[in-house]
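Here is a short briefing on side-chain exposure, ring pairing and helix geometry. Keep the structure open while you read.

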Amino acid sequence: RKYHGYAFSWAAIFTFWYHPMESTAAHVTGFMHVGIILIQQSLMFTPMHLNKYWRMTLEVWVALHGAITAAQGQHMSGMFLFGLSGWPSLLRFMDCLTTWRL
């Protein structure tokens, strides 16, 4: 089995290390996303970890966070608008399509 927990743990810790805590909508949605990623990590080895609706919630949330961050007009808005909802989402959705039985 592939184990990807180390990468997600590093990303969650790096987010707390790198990002300041501010009261903007982009920061709030970002920290909420880290919270649901930590919940996803705690669900490892349970059926809920692979639940397609829960995984879709995670994917939609990161796209929502990117759109909100881009809409706030920060200096790297193009990166957030196209980066978080573009290629990474496409690659993750391709993985979801192979595991979903419709």
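## Aromatic pair and helix 3

W10 is exposed, with a relative accessible area of 56%. The model is predicted. Two topics follow: an aromatic pair, then helix 3.

**Aromatic pair**

- The structure holds 1 aromatic pair. W10 and F14 form this pair, and it is stacked.
- The ring centres of W10 and F14 lie 5.0 Å apart, with 15° between the planes. That angle counts as stacked because the cut-off is under 30 degrees.
- Both residues sit in helix 1 (residues 5-18), 4 residues apart, so about one helical turn separates W10 from F14.
- An α-helix has 3.6 residues a turn, so residues three or four places apart point the same way.
- F14 is partly exposed, at 36% relative accessibility. W10, at 56%, is exposed.

**Helix 3: span and start**

- Helix 3 covers residues 52-71, which is 20 residues.
- From first C-alpha to last, helix 3 reaches 28 Å, close to the 28 Å expected at 1.5 Å a residue.
- At the start of helix 3, a side-chain oxygen of N51 comes to within 2.8 Å of the backbone nitrogen of Y53.

**Helix 3: buried and exposed sides**

- The buried residues of helix 3 are W54, R55, L58, E59, V62, H65, G66, T69 and A70.
- These buried residues lie on the same side of helix 3, because they cover an arc of only 165° around the axis.
- Which exposed residues does the face turned away from the buried side of helix 3 carry? That face carries Y53 and A71.

Note on methods:
Residues are numbered from 1 along each chain as its sequence is written. This is a predicted model: local features need pLDDT of at least 70, side-chain atom pairs count only at pLDDT 80 or more; totals for chains, interfaces and linings use all residues. Side-chain values use heavy atoms; hydrogens and water are left out. Helices (H or I, at least four residues) and strands (E, at least two) are DSSP runs, numbered from the N terminus. The expected span of a helix is 1.5 Å times one less than its number of residues. Buried means under 20% relative accessible area, exposed over 50%, partly exposed in between (1.4 Å probe, protein chains only). The arc is that of the directions from the helix axis to the C-beta atoms. A polar contact is a pair of N or O atoms within 3.5 Å; within protein, one must be able to donate a hydrogen and the other to accept it, and residues adjacent in sequence count only if both atoms are side-chain atoms. Rings of Phe, Tyr and Trp (its six-membered ring) pair if their centres lie within 6.5 Å; planes under 30 degrees apart count as stacked, over 60 as edge-to-face and the rest as tilted.
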